[in-house]
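Good morning, and thank you for making time for this. I would like to take the group through one structure, beginning with its cysteines and then turning to a pair of helices.

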Amino acid sequence: MEKKLWMLLLALLLFSCKSTLQQTTEVSRDTVLPIDEKKNDRGFGKLCLEIANYPLEKQQGILSIVSIPDAELTDETINFLKRQYVSGVILFKKNIENEKQLRQLIHDLRQKVNPNLLVGIDQEGGDVVRIKWDKTCTVSAYDIGKRADKNYAYKIAYERAELLKNLGFDITFGPVCDIAKSKKSYIYNRSFGMSAEKVAEFVFVTVQAQHDAGLISVLKHFPGHGETDVNSHIDFPVIDMTLDKLNARDFIPFKKGLAAGAEMVMIGHIVNKYIDPDVPASLSRKYQDILYKYLNFNGIIVTDDMAMTGKIDGGIGYGLNIITGTFTEIDSMMKKIKPDITQCAKILKFIEDRKNEENNR
């Protein structure tokens, strides 16, 4: 009798352990990768509690990368950026006159606003160029794909990234992972090609080069823009493809870019009835779930520019919102962000770790 009782207790214990393991390994949309406490003496939980006590405005700012109006920092710009607690700034042509001025602007952003401020730029080459003295600026992704030489692709990406890093940038918003369906595709000249494997190959090499130069890479525009000729700066492209079809083709370059170490994924303003018929991908949390489930990605999500299309009024609470326009417009959109505290903590932890790595180089 005593032996049977012990066997019963053992069975119950094993069942309990199995049940607990199943519960703790379930993945929800709020899942945050565990933080190694030995490497993080502040503790991720402690950071979450700290952020929970921040004013709402500061939480919203953590989830924002914004544009600024001029090529020189004014008191108004400094005060706005500090008051909004933004995590980053994205620079455009209007902010760039020459090398000396640009270096001074980035220096002032860090000195007068926040030493840990992320500074990013779109410098794809070809159609998307902000820095005119970049010797690689005429070379587009299309040119690289057409040449079909990985060594050449690495060389161009490294030289471009090295220039950006030397100027003081942290983030390059690229590479483009979209697969151009045809010459009519809106993204045709910005894509490496029309096959998933070819685009993936050059995305991988590009991310490697960007990392070797010390930049943060952003894979764009998830879940894939190539099936449409609609310019998402003007309207929402509709790409009605099932997840199975997307996974079999459009996700391949993103997977390859993540394998190369890309830290961020940009979500495009794309509507897909099979995923979320009501809102574009950039505003739908369903795409965060897809990134985790299909690409095993739980890193930093970035939205495409929220000022595009003119039809977006608000932002996401679980990633970095790129918001451009006047300070009044930026402020208005930021106020509609409903922050997820754990995601705020993840972004702050990412920035902190990034800056520590750079300081230790």
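Let me begin with C48, which counts as buried because its relative accessibility is 13%, under the 20% limit for that class. Please keep in mind throughout that this is a predicted model.

Which cysteine sulfur is closest to that of C48? It is the sulfur of C344, at 9.0 Å, and that is too far for a bond, since a disulfide requires the two sulfur atoms to lie within 2.5 Å. Seen from the other side, C344 likewise takes part in no disulfide, and its nearest cysteine sulfur is that of C48. C344 is also buried, with a relative accessible area of 0%. For the structure as a whole, the number of disulfides is 0.

Let me now step back to the overall fold. The protein chain has 13 helices and 8 strands. It comprises 361 residues, and 54% of them count as buried. Among contacts with a separation of 6 or more, 72% join residues that are 24 or more positions apart.

I turn next to the helix pair. Two packed helices are described by the angle between their axes and by the distance between those axes. Helix α8 covers residues 196-213 and helix α10 covers residues 251-259; they pack at about 25°, and their axes are 8 Å apart. The two helices are therefore roughly parallel to each other, because an angle under 35 degrees falls in that class. Their crossing is right-handed.

Which residues make this contact? From α8 they are A196, E197, V199, A200, V203, F204 and V207. From α10 they are I252, P253, K256, G257 and A259. Sorted by class, the contact between α8 and α10 consists of 9 nonpolar residues, 1 polar residue and 2 charged residues.

Finally, I would draw attention to one further residue of α8, namely K198. Is K198 buried, partly exposed or exposed? With a relative accessibility of 27%, K198 counts as partly exposed, because that value lies between the 20% and 50% limits. Leaving aside residues up to four places away in sequence, K198 touches G145, K146 and F192. In addition, the C-alpha atom of K198 is 8.4 Å from that of A148, although 50 residues separate the two along the chain.

To close, I return to the cysteines: C48 and C344 are both buried, yet their sulfur atoms are 9.0 Å apart, too far for a bond.

How values were computed: Residues numbered from 1 in each chain as written. Predicted model: local features only at pLDDT ≥ 70, side-chain atom pairs only at ≥ 80, totals over all residues. Heavy atoms only, no water. Buried < 20%, exposed > 50% of the residue type's maximum accessible area, 1.4 Å probe, protein only. Axes fitted to C-alpha atoms, helices over the stretch in contact; angles between N-to-C directions. Helix = DSSP H or I, 4+ residues; strand = E, 2+ residues; numbered from the N terminus. Parallel < 35°, antiparallel > 145°, perpendicular 65-115°, else oblique. Left-handed = near helix turned anticlockwise from the far one by under 90°. Contact = heavy atoms within 4.5 Å. Nonpolar A, V, L, I, M, F, W, Y, C, P; charged D, E, K, R; others polar.
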